[in-house]
Amino acid sequence: MNLVLNLGGAGNLDKSMESLLSKANSILVQIVKYEWNTTWKSFIPDICSASKSDLNLCQNNLSILKMLSEEIFDFSKNQLTMHQIAELKQHMHEEFTKVFELCDEILRNADKVSAALSRSCLETLYSFLGWIPLFYIFFSDIIERIVQFISSDAHREPALRCLVEIVSLKIADN
């Protein structure tokens, strides 16, 4: 974890260090999948809390959260038992409020954070949209926050992906 924290908070990494950070993030996600329900129950609060201390670390932590969501909801079928997957999904649902609050804070303060961080936030949010409870979307102003990024060339694609996913969720809910 210290390697991830040190590299993730460093900013402006060269290609080899970015590659090392990516590998370290992947390893951390694999560890979390097996330790989250037993010895590391505070993982989501820990990573969300650490994200508020440093913008570079926040961007890396969003990448970790995105990877974790994708691993649990998309890619774990051949790696974990159905019981383990169900437990991880349940734990992710229980802890999602902290992730949502982090994303909402970043998008609310988009004018004060880097374009890379706000884009990373949109990409992370997109990875969660397929499974989060709809009330997070429709009883908050997250849609308005996402819409504000449509006019930005750097953010248009992830913002549109989020909005399309939200529309498809609403259609599927009806």
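The mean positions of the 16 positive and 22 negative charges of the chain lie 2 Å apart. Lys and Arg count as positive here, Asp and Glu as negative, while His and the chain ends are not counted. Each charge is placed at NZ of Lys, CZ of Arg, CG of Asp or CD of Glu.

This is a predicted model, in which local features need pLDDT of at least 70 and side-chain atom pairs count only at pLDDT 80 or more, while totals for chains, interfaces and linings use all residues. Residues are numbered from 1 along each chain as its sequence is written, and side-chain values use heavy atoms, with hydrogens and water left out.

**Overall fold**

The chain has nine helices and zero strands. Helices (H or I, at least four residues) and strands (E, at least two) are DSSP runs, numbered from the N terminus. In sequence order the pattern is α-α-α-α-α-α-α-α-α. The radius of gyration is 16 Å, close to the 16 Å that the globule rule gives for 174 residues, so the chain is as compact as a globular protein of that length. That radius is taken over C-alpha atoms, and the globule rule is 2.2 Å times the number of residues to the power 0.38. The C-alpha trace spans about 40 × 40 × 25 Å along its principal axes.

Contact means heavy atoms within 4.5 Å. Among contacts between residues at least 6 apart in sequence, 69% join residues at least 24 apart.

**Surface and burial**

The chain exposes about 9,100 Å², and carbon and sulfur atoms supply 54% of that area. Accessible areas come from the Shrake-Rupley method with a 1.4 Å probe; for residues, only the protein chains shown count as cover. Buried residues make up 43% of the 174 residues. Buried means under 20% relative accessible area, exposed over 50%, and partly exposed in between (1.4 Å probe, protein chains only).

**The nonpolar core**

In soluble globular proteins, nonpolar side chains tend to be buried together. A nonpolar core is a set of buried Ala, Val, Leu, Ile, Met, Phe, Trp, Tyr and Cys residues joined through side-chain atoms within 4.5 Å. The largest such core here holds 47 residues, and Trp36, Phe43, Ile44, Leu68, Met92 and Ile146 touch the most other members. Elements giving two or more residues to this core are α2 (15-35), α3 (43-51), α4 (55-75), α5 (82-108), α6 (115-129), α7 (135-138), α8 (142-147) and α9 (156-173). The largest share, ten residues, comes from α5.

Phe43 shows what such a core member meets. Leaving out residues up to four places away in sequence, Phe43 touches Leu28, Val32, Trp36, Ile64 and Leu68.

**Four individual sites**

The table pairs each site with a residue distant in sequence.

| Residue | Partner | Sequence separation | C-alpha to C-alpha distance |
|---|---|---|---|
| Met67 | Ser127 | 60 residues | 8.4 Å |
| Leu122 | Arg156 | 34 residues | 9.9 Å |
| Tyr126 | Leu160 | 34 residues | 9.7 Å |
| Ser140 | Asp104 | 36 residues | 9.4 Å |

The contacts below leave out residues up to four places away in sequence.

Met67 lies in helix α4. Its relative accessibility is 23%, so Met67 counts as partly exposed. Met67 touches Asn25, Ser26 and Val29.

Helix α6 holds Leu122. Leu122 counts as buried because its relative accessibility is 0%. Leu122 touches Leu107, Ile146, Phe149, His155, Pro158, Ala159 and Cys162.

Tyr126 also sits in helix α6. At 27% relative accessibility, Tyr126 counts as partly exposed. Tyr126 touches Arg161, Cys162 and Glu165.

Ser140 lies in the loop between α7 and α8. With 26% relative accessibility, Ser140 is partly exposed. Ser140 is in contact with Phe100 and Phe135.
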